[in-house]
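Please open the structure in your viewer and keep the selection tool at hand. The tour proceeds from the whole chain to individual residues.

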Amino acid sequence: MSLMIVAMLMATYFKPYVELSSKLSPVDIEKMIPREFNGWHEINTKANYIVNPELNDTLSKTYDQVLSRLYVKNNHPPIMLSVAYTENQSNKSTIHMPEICYPAQGYQVKKHKSKSQLITKFGPIPVNQFIAEKPGRIESVSYWAMVGTKVVTNSWQLKFEQVKYGLRGYITDGLLFRVSIENTNINQAYASEEIFINDMMTAIQMSDRKRLAGLHTN
């Protein structure tokens with residue numbers, strides 16, 4: 001039997017057929033993330049705050065749910081929150097990492113000496129951070145992605161988890177959680193983002209912490 005035939009049989013045998021999301025707690029971003037918590041509250045998005053750098057048609061084709069909000073709290077710069085979720089990640093519909101989305105909208109992405117994880121009282125969250133710049137605008141960006149309840153921070157990890165679940169017969173879901181601040185004081189911006197994420201994780205349900213950030217403790 002040729003290697004090609006073996007590969008075809010294996011591909012057929014291991015073809016994903018069950019959506020991973022059906023085995024986990026449901027995701028409803030609007031209900032999971034409160035509009036007010038620990039002094040933070042949502043305000044109407046101003047024209048100069050681009051909460052999500054992806055184009056609307058791209059978002060609608062890629063994700064089943066998209067949340068874009070602007071939060072404020074005393075003594076902190078406004079924080080742009082974007083959370084996007086898809087129940088079925090296929091080759092035509094997989095989450096987009098921000099390092100790809102920002103340059104597509106005219107930003108230059110610059111790495112910054114930043115943290116590889118955020119510490120919360122529920123455990124650490126692996127995180128990716130970078131600076132996005134274009135004329136007249138500088139953003140500090142912190143993000144991670146989810147496959148099921150597993151955090152990934154780059155495209156290679158994302159694909160690895162998809163293949164791993166695929167070999168078990170699952171089609172993976174995917175979630176992207178991103179916060180950003182328009183501020184030239186980068187260290188202050190990252191500090192505010194960390195406080196915001198900690199406050200949110202404290203305010204939401206344990207099952208939601210697991211789905212949004214891979215945090216498994218209460």
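The stops below describe what to select and what is found there.

**The whole chain.** Begin with everything displayed. This is a predicted model. The chain contains 7 helices and 13 strands, and buried residues account for 46% of its 218 residues. Its accessible surface is about 11,400 Å², and carbon and sulfur atoms contribute 54% of that area.

**Confidence.** Colour the chain by pLDDT. The mean is 86, and 84% of the residues reach 70 or more. Select helix α1 (residues 3–13), where confidence is lowest, at a mean of 50. Then select strand β2 (residues 36–37), where confidence is highest, at 97.

**An aromatic pair.** The structure holds 10 aromatic pairs. Select W40 and F196, an edge-to-face pair whose centres are 5.1 Å apart, with 90° between the planes. Which parts of the chain does this pair link? W40 belongs to strand β3 (residues 40–43) and F196 to helix α6 (residues 186–203), 156 residues apart, so the pair joins distant parts of the chain. Both rings belong to buried residues: W40 has a relative accessibility of 1%, and F196 has 0%.

Next, select Y165 and Y170. Their ring centres lie 6.3 Å apart and their planes meet at 80°, so this pair is edge-to-face. Both Y165 and Y170 are buried.

Return to W40 and F196, and add F37 and Y71 to the selection; these four residues form one aromatic cluster.

**Helix α7.** Select residues 206–213, which make up helix α7. Within α7, the buried residues are D208, R209, R211, L212 and A213. Select R209 together with F122: the charged end of R209 sits over the ring of F122, 3.7 Å from its centre.

Now select R211. Is this residue buried or exposed? R211 is buried because its relative accessible area is 3%, and buried means under 20%. Leaving aside neighbours within four places in sequence, the contacts of R211 include S21, Y85, M146, D173 and L175. After α7 comes G214, whose phi is positive, near 70°.

**Helix α3.** As a last stop, select K61 in helix α3 (residues 56–62). K61 is exposed because its relative accessible area is 66%, and exposed means over 50%. Add T86 to the selection: K61 and T86 are 25 residues apart in sequence, and their C-alpha atoms are 9.9 Å apart in space.

Conventions. Residues numbered from 1 in each chain as written. Predicted model: local features only at pLDDT ≥ 70, side-chain atom pairs only at ≥ 80, totals over all residues. Heavy atoms only, no water. pLDDT = per-residue confidence, 0-100. Helix = DSSP H or I, 4+ residues; strand = E, 2+ residues; numbered from the N terminus. Buried < 20%, exposed > 50% of the residue type's maximum accessible area, 1.4 Å probe, protein only. Areas by Shrake-Rupley, 256 points an atom, 1.4 Å probe, with all protein chains shown as cover. Contact = heavy atoms within 4.5 Å. Phe/Tyr/Trp six-rings, centres within 6.5 Å; stacked < 30°, edge-to-face > 60°. Lys NZ or Arg CZ within 6 Å of the ring centre and 35° of its normal.
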